[in-house]
Amino acid sequence: KDPLMHGLMQLCGIRVLTAFALVVSRGNIERFDTPKKLVSYIGLTDDHYEIELRKKRMQEEPMRVTPVEPGNSSIFKDYLVVRTDNEEIFEYRVELRSLKENINTCSCPDFRKNFLGTCKHIEKVKHKFSRKSTLSSPCTEIFMSSYPWQPVALVRENAKGAEFVKKYLTPDGTFRTPEADTLQVMLRKFEGLDEDVRGAIRISAEIHDFLLLNDEKQRLQRWRGEYAGRFKKSKG
């Protein structure tokens, strides 16, 4: 855990591999007066530039935004977003939690790999409601942070369901480890809650993706263990 490498990763646009390469050549870093000059030197763009680029694409490309549940009066819900000038229809699902913070989710490939917490589809939905006075969801939100990709609970104090979710969190607000096991237990208990309490807790589809991925990793580990045991016996 090199402190210089850790510090570099706090800069916009720098991740593990880039930080490692810079640490190896740490003698050159002192030449740069500001983080922006360093990021520019190594050929990266900062997060602000990348987000603005997606906002520009949102304005240029015609898209249709449709709520998944039209009867839900809150703007903070799921939407289907699709381009209207393309014969090939690619429909993506946006989970809107905030008009201000980049804590929303989209099923598009760009969102999954850019680590920005936004994309042109999310920006389109946010733009649609940009004049609304309410900036964030009133629900307790459980979702995956964009980077690092890990489960997060955004608990609304004094809201229905808040105390239920807190039972599965540490004092600092993170999920108890192992996170996958904690989430599995929470989801089972969630199904038994009253309908009005369940309605105050919003669980992202990515939480289920996280659990499926964890199950797959565990299966692979068991398979490797069994294979290694069989191989050892055959050699014995």
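# Pocket, packing and ring exercises

The second largest pocket has a volume of about 220 Å³. A pocket here is an open set of points on a 1 Å grid over the protein atoms alone, where a 1.4 Å probe fits, with protein on both sides within 12 Å along at least five of seven lines; lining residues have an atom within 4 Å of a point. The volume is the space filled by probe spheres set on the points, which are joined across faces, edges and corners.

This is a predicted model, numbered from 1 along each chain as its sequence is written: local features need pLDDT of at least 70, side-chain atom pairs count only at pLDDT 80 or more, and totals for chains, interfaces and linings use all residues. Side-chain values use heavy atoms, without hydrogens or water.

**Exercise 1.** Describe the lining of the second largest pocket, by residue and by element.

*Solution.* Start at the centre. Arg83, Phe90, Tyr92, Lys120 and His121 lie nearest to it, out of 16 lining residues. Next, the elements. Helix 4 (47-60), strand 2, helix 5 (109-114) and helix 6 each give two or more residues. Helices (H or I, at least four residues) and strands (E, at least two) are DSSP runs, numbered from the N terminus. Strand 2 provides the largest share, 3 residues. Finally, chemistry. The lining holds 8 nonpolar, 2 polar and 6 charged residues. Ala, Val, Leu, Ile, Met, Phe, Trp, Tyr, Cys and Pro count as nonpolar, Asp, Glu, Lys and Arg as charged, and the others, Gly among them, as polar.

**Exercise 2.** Do the same for the largest pocket, and find which element gives the most to its lining.

*Solution.* Take the volume: about 520 Å³. Then the centre. Glu69, Asp78, Ile201, Arg202 and Ile203 are the closest of the 25 lining residues. Two or more residues come from each of strand 3 (92-95), helix 8 (179-190), helix 9 (195-198), strand 7 (201-203) and helix 10 (205-235). Strand 7 gives the most, with 3 residues. By type, the lining splits into 11 charged, 9 nonpolar and 5 polar residues.

**Exercise 3.** Work out how helix 6 is covered, and against which elements its buried residues pack.

*Solution.* First, count. Of the 9 residues in helix 6, 7 are buried, so the helix is mostly covered. Buried means under 20% relative accessible area, exposed over 50%, partly exposed in between (1.4 Å probe, protein chains only). Second, name them: Lys120, His121, Ile122, Glu123, Lys124, Val125 and Lys126. Third, find the partners. These residues pack against helix 4, helix 5, strand 1 (63-67), strand 2, strand 3 and strand 4 (105-106). Now zoom in on glutamate 123, which sits in helix 6. Its relative accessibility is 5%, so it counts as buried. Leaving out residues up to four places away in sequence, glutamate 123 touches Ile51, Lys55, Met58, Asn102 and Thr118. Contact means heavy atoms within 4.5 Å.

**Exercise 4.** Classify two of the aromatic pairs by ring geometry, and say where the first pair sits.

*Solution.* The structure holds 4 aromatic pairs. Rings of Phe, Tyr and Trp (its six-membered ring) pair if their centres lie within 6.5 Å; planes under 30 degrees apart count as stacked, over 60 as edge-to-face and the rest as tilted. Take tyrosine 79 and phenylalanine 129. Their centres are 5.6 Å apart and their planes stand at 45°, so this pair is tilted. The two rings link distant parts of the chain, 50 residues apart: tyrosine 79 is in strand 2 (residues 78-83), and phenylalanine 129 is in the loop between helix 6 (120-128) and strand 5 (140-144). Both are buried: tyrosine 79 at 2% relative accessible area, phenylalanine 129 at 12%. Now take phenylalanine 164 and tyrosine 168. With centres 5.4 Å apart and planes at 65°, this pair is edge-to-face. Phenylalanine 164 is buried at 9%. Tyrosine 168 is buried at 11%.

**Exercise 5.** Check the cysteines for disulfides.

*Solution.* Set the criterion: two cysteine sulfur atoms within 2.5 Å. Search the whole structure: the result is 0 disulfides. For cysteine 106, the nearest cysteine sulfur belongs to cysteine 119, 3.7 Å away. Then check burial. Cysteine 106 has 1% relative accessibility and counts as buried. Cysteine 139 is also buried, at 16%.

**Exercise 6.** Place alanine 162 in the fold: element, burial and contacts.

*Solution.* Alanine 162 is in helix 7 (residues 162-166). It counts as buried at 1% relative accessibility. Beyond four places in sequence, alanine 162 touches Thr140, Val155 and Arg156. Its C-alpha atom is 9.0 Å from that of valine 197, 35 residues apart along the chain.
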